[in-house]
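Take a slow look at the model below. Start with one helix, then step back to the whole chain.

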Amino acid sequence: MVILNHTKQRSSSSSPIHGHNKYKYDVFLSFCSKDTGRSFTDHLCNAIKHANITTFFDDDLIETGVYLKPGWESAIKASRASVVVLSENYADSQWCLNGLALILKQHLTVIPIFYHVKPSFLEDAMARYRRVMEAMTNEDKRSQLAEKIDRWNKACTQVSTLKGMQLGFDRRETKFIQDFVKHIYHRLRISARTPLPLDRRFHREMKQPNLFKIPFQAIKSCTQNFSETNFIAKGGYGRVYKGIFTWANHVNQLVAVKRLDVTGLQGNKEFHIELTILSQYQHKNIVRFIGFCDENKEMTLVYGYESNGSLDKYLRNTAKSGGPSWPQLLKICIDVASALDYLHNHVAEKHRIIHRDIKSANILLDENWNAKLADFGLARIGLANQQNTMVITNPAGTHGYCDPQYEKTGFLTKESDVYSFGVVLFEVLCGRLACALNYHDEQRFLHHLAPTCYKKRELDKIIDPRIKKDIKPRVLSKFSAIAYRCLHETREERPTIAEVVFQLKKAMKMQV
Ligand SMILES: Nc1ncnc2c1ncn2[C@@H]1O[C@H](COP(=O)(O)OP(=O)(O)O)[C@@H](O)[C@H]1O
Ligand SMILES: [Mg+2]
């Protein structure tokens, strides 16, 4: 048996953000047409530069308009990312195609602004352009242009998939620019994992991490060499085992060990994010973080063991014997909402954490049915007081729980967590999982079924019979109303998590 000395180590190497700046510019700013007449790009460029983001911006373009200048190719190559202002009269221009073809060839990170045009405008423009190319009657000209057409075609396809922020007439330009600059910071940080002023500011706000490094030998021995008898569950990036640590003061502690599947490259990032967040943010409704190990490709995270396992287990079990009672379930919902309220509104003055994977499998229950939110591998840290906290180009999370707006647009906001939490509320009320594979009709997905039944006043048909007999009618109407609002298509219509906590607590008062 390995005995652990509980002396905490501070380490700076655990930050997920590292790297160096091999680029001359952070962004290559490209634009054209209508926006320039209103100096939008000029203002934008000044704001970006003011925020210490090095920018290549060629104002001559304002005069000349449509040509790709020779110096630009090297400027694009020397930039980490491109910001492209897409406005009317531009998206279907040759310059747009030539410029974007070059940019897209170089950069993985292309951050577009849809300037008074809808993203669909771009798709339409590309489709129009394709038709023009196809209709070229002069065969000679066609063959001369074959290479160019091929390049344009590729750009068309890529351009149609670009996602970004949209400035409409209903938004103030100054506010938009402010938000956009923060957005660029975030995208650059994700793309290059390079410290930028924003990170420095964030690190100043962060509490000192509480990092306890555990030798791999100790982890191996406490889980009986990761034996099958200690195995608890398999998650997205590895397996979770139960273990027992013996501390130097002879206290034994039950732990859960998440061992990363070393063959998966993706898990590395998740590991560091979870470590960064859990080592700094502890809350009574967040899984207890004990320590970690990062030795010779072995990456593990160690948590306090929660003896009642995860909530999905009780929703999966159709017999539901021995599961939590209705008042206990209501308390579980309050606990999780409180954890989310902490992440969204109280971790730091200027920042918030968005969990991104709220679901019953990530809600742990201790021996007294207190709930603890777990699994922070997909979480993102963003600026508070900002509507669109960030854009992640590949929406992540779990289908059936994931905010449809986020799935559609790639924009992540705190309301995406609220949506997923709404699905969990209905899972609890209906005593089933968000996605029930045994159904092949409209009952399969709860995020469709529950709001439909709610609107038709037919919730009765889908409520868990065990809850039906215990829940007071007033509590049912309060609980279902807040769950329904969380699932609103439009984000602005969804409640804040603080309001959800408030309403659920009110429901609890009515119940007891
Ligand atoms: N501290 C813990 N106590 C008990 N069970 C746990 C604990 N942590 C995780 N588990 C179990 O392992 C599963 C996967 O853990 P999770 O952190 O969600 O990892 P993944 O990122 O792989 O989904 C959970 O759904 C839960 O059933
Ligand atoms: Mg999980």
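Which residues of helix α2 (residues 40-50) are buried? They are Phe40, Thr41, Leu44, Cys45 and Ile48. These residues lie on the same side of α2, because they cover an arc of only 130° around the axis. Keep in mind that this is a predicted model.

Now move just past the end of α2. There, Asn52 has a positive phi of about 65°. Why pause at that sign? Most residues other than glycine have a negative phi.

Two other residues also deserve a stop. Find the loop between β13 (363-365) and β14 (371-373), where Trp369 sits. Trp369 is not a glycine, yet its phi is positive, about 65°. Is Trp369 buried or exposed? Trp369 has 17 other C-beta atoms within 10 Å, so it is partly exposed.

Go on to the loop between β14 and β15 (380-383), which holds Asp375. Asp375 is not a glycine either, and its phi is positive, near 65°. What about its surroundings? Asp375 counts as buried because it has 24 C-beta neighbours inside 10 Å; the cut-off for a buried residue is 20 or more.

Finally, step back to the whole chain. The chain has 512 residues, and 43% of them are buried. Its secondary structure comprises 20 helices and 17 strands. How do distant parts of the sequence meet? Take the contacts between residues at least 6 apart in sequence: 73% of these join residues at least 24 apart.

Definitions and conventions
Residues numbered from 1 in each chain as written. Chains lettered and ligands numbered in written order. Predicted model: local features only at pLDDT ≥ 70, side-chain atom pairs only at ≥ 80, totals over all residues. Helix = DSSP H or I, 4+ residues; strand = E, 2+ residues; numbered from the N terminus. Buried ≥ 20, exposed ≤ 12 C-beta atoms within 10 Å, placed from the backbone. Contact = placed C-beta atoms within 7 Å. Arc of directions from axis to C-beta.
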